[in-house]
Amino acid sequence: MAVVGASNVRLVREFGDYLRVEKGLRPNSCEAYTRDLDQFAEFIEKWDGVLISATQADVSGFMEARRGNHVESRSIARQLSGLRGFYRWLLMDKRIGHDPTVNIETPESWRVLPKSLAESEVSGMLERTGIAARAADADNMSLRDHAILELLYAGGLRVGEICALRVSDVWLDVQRAQVRGKGDKERIVPLGRKACEAIEAYLQRGRPGLAKRATGLQRAMFLSVRGNALTRQWVWQMVRDCSDGKTASPHKLRHSCATHMVEHGADLRSVQTFLGHADIATTQVYTHVALGHLKAVHRMHHPRGRSRAQENDGE
């Protein structure tokens with residue numbers, strides 16, 4: 001049993017090194033993947049199982065055990081995704097000849113659209129912070145908070161991308177920003193007029209006052225009252241505090257951005273590029289939004305559509 005455990009520990013450590021060095025994932029992501037792999041290793045060790053020779057039955061049993069422990073389907077799907085990455089790595093390294101995660105079905109909720117805000121909710125939040133930012137006596141923090149909210153919604157940025165953004169990454173003259181996403185992958189995000197105006201106001205009238213309090217040269221775009229780069233937790237709390245009913249979050253604003261784009265006719269490939277999704281399958285959670293919009297258009301404009309039929313009956 002000790003030999004089995006040592007073998008699994010070594011493999012988990014090697015996989016963590018691969019994620020960190022070769023895939024370039026951030027420490028938190030590496031820790032999450034290796035923690036899930038550790039749980040699977042503990043599960044199969046009950047029968048002296050080792051990761052390198054795990055079977056499809058082992059993976060299925062682990063998934064069922066997680067369901068039996070009332071783990072959310074979304075968390076189970078994330079763990080299965082991590083196991084697939086692990087066994088793809090072993091296949092690529094020619095250590096195994098078969099992937100035990102093949103033909104394992106992903107829980108249906110993995111495809112459920114993340115919660116988003118209605119357009120009216122987003123507009124209301126941006127209008128409230130915009131009034132404070134446009135006031136003649138607007139302080140540094142009001143200008144900063146409004147610029148962050150506009151950027152989260154206009155660019156669909158992740159909270160980590162907001163925190164990592166530097167002044168040199170934003171090109172207001174061409175309305176673009178260079179964003180570093182997961183795995184330090186970079187992408188160019190177009191920005192709308194409203195977001196550019198909010199950022200420009202912050203850079204001219206808000207950030208200089210905050211930067212004066214920094215102990216050294218600070219390249220981060222968004223600064224705290226002490227002149228330091230903002231933390232993820234701080235941005236989450238700020239967005240929540242600015243929302244009506246305390247229901248918003250940076251992640252909801254990101255999904256709201258994508259949802260509203262699809263509702264207004266954007267194709268999924270464009271949304272995939274915009275959000276920085278590596279796989280179109282991740283973006284396909286928005287498919288039913290597009291279908292819902294298409295149904296509404298059909299009802300309104302097709303001669304046999306419900307809305308048109310009612311309109312004709314009234315003539």
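A nonpolar patch is made of residues with over 30% relative accessible area and no salt bridge, their nonpolar side chains being joined within 5 Å. The exercises below apply this and related terms to a predicted model.

**Exercise 1. Find the residues that make the nonpolar surface patch of about 250 Å², and place Ile188 within the fold.**

Step 1. The patch is made by Trp171, Val174 and Ile188, and its area comes to about 250 Å².

Step 2. Of these residues, Ile188 can be placed in strand β3, which covers residues 186-190.

Step 3. Ile188 has a relative accessibility of 42% and therefore counts as partly exposed, since that class lies between the limit of under 20% for buried and that of over 50% for exposed.

**Exercise 2. Describe the second largest pocket by its volume, its lining and the helices that contribute to that lining.**

Step 1. The space in the second largest pocket amounts to about 610 Å³.

Step 2. Its lining consists of 27 residues, and those nearest the centre of the pocket are Leu126, Glu150, Tyr153, Lys194 and Ala195.

Step 3. Sorted by class, the lining contains 14 nonpolar residues, eight charged residues and five polar residues.

Step 4. At least two lining residues come from each of the helices α5 (119-134), α6 (140-155), α8 (193-211) and α10 (250-263).

**Exercise 3. Examine the salt bridges of Arg67, Asp93 and Arg193, giving the partner of each residue and the distance between the atoms.**

Step 1. The structure as a whole holds 14 salt bridges, and the pairs treated here are among them.

Step 2. Arg67 is paired with Glu64, with 2.9 Å between the closest N and O atoms. Both residues belong to helix α3 (residues 56-68), where they stand three residues apart, or about one turn of the helix. Arg67 has a relative accessible area of 34%, so this residue is partly exposed.

Step 3. Asp93 is joined through its side chain to that of Arg95, at 2.8 Å from N to O. Asp93 counts as partly exposed because its relative accessibility is 41%, and Arg95 is likewise partly exposed, with a relative accessible area of 33%.

Step 4. Arg193 meets Glu197, the closest N and O atoms lying 3.1 Å apart. Because Arg193 and Glu197 are four residues apart in helix α8, about one helical turn separates them. Glu197, at 43% relative accessibility, counts as partly exposed.

Step 5. Elsewhere, Arg166, Asp169, Arg180 and Glu186 are joined into one network by salt bridges that share partners.

Conventions:
Residues numbered from 1 in each chain as written. Predicted model: local features only at pLDDT ≥ 70, side-chain atom pairs only at ≥ 80, totals over all residues. Heavy atoms only, no water. 1 Å grid on protein atoms, 1.4 Å probe; cavity = no way out; pocket = protein on both sides within 12 Å on 5 of 7 lines; lining within 4 Å. Points joined across faces, edges and corners; volume = space filled by probe spheres on them. Nonpolar A, V, L, I, M, F, W, Y, C, P; charged D, E, K, R; others polar. Patch = residues over 30% accessible without salt bridge, like charges linked within 9 Å, V, L, I, M, F, W, Y side chains within 5 Å. Areas by Shrake-Rupley, 256 points an atom, 1.4 Å probe, with all protein chains shown as cover. Salt bridge = Lys/Arg side-chain N within 4 Å of Asp/Glu carboxyl O. Buried < 20%, exposed > 50% of the residue type's maximum accessible area, 1.4 Å probe, protein only.
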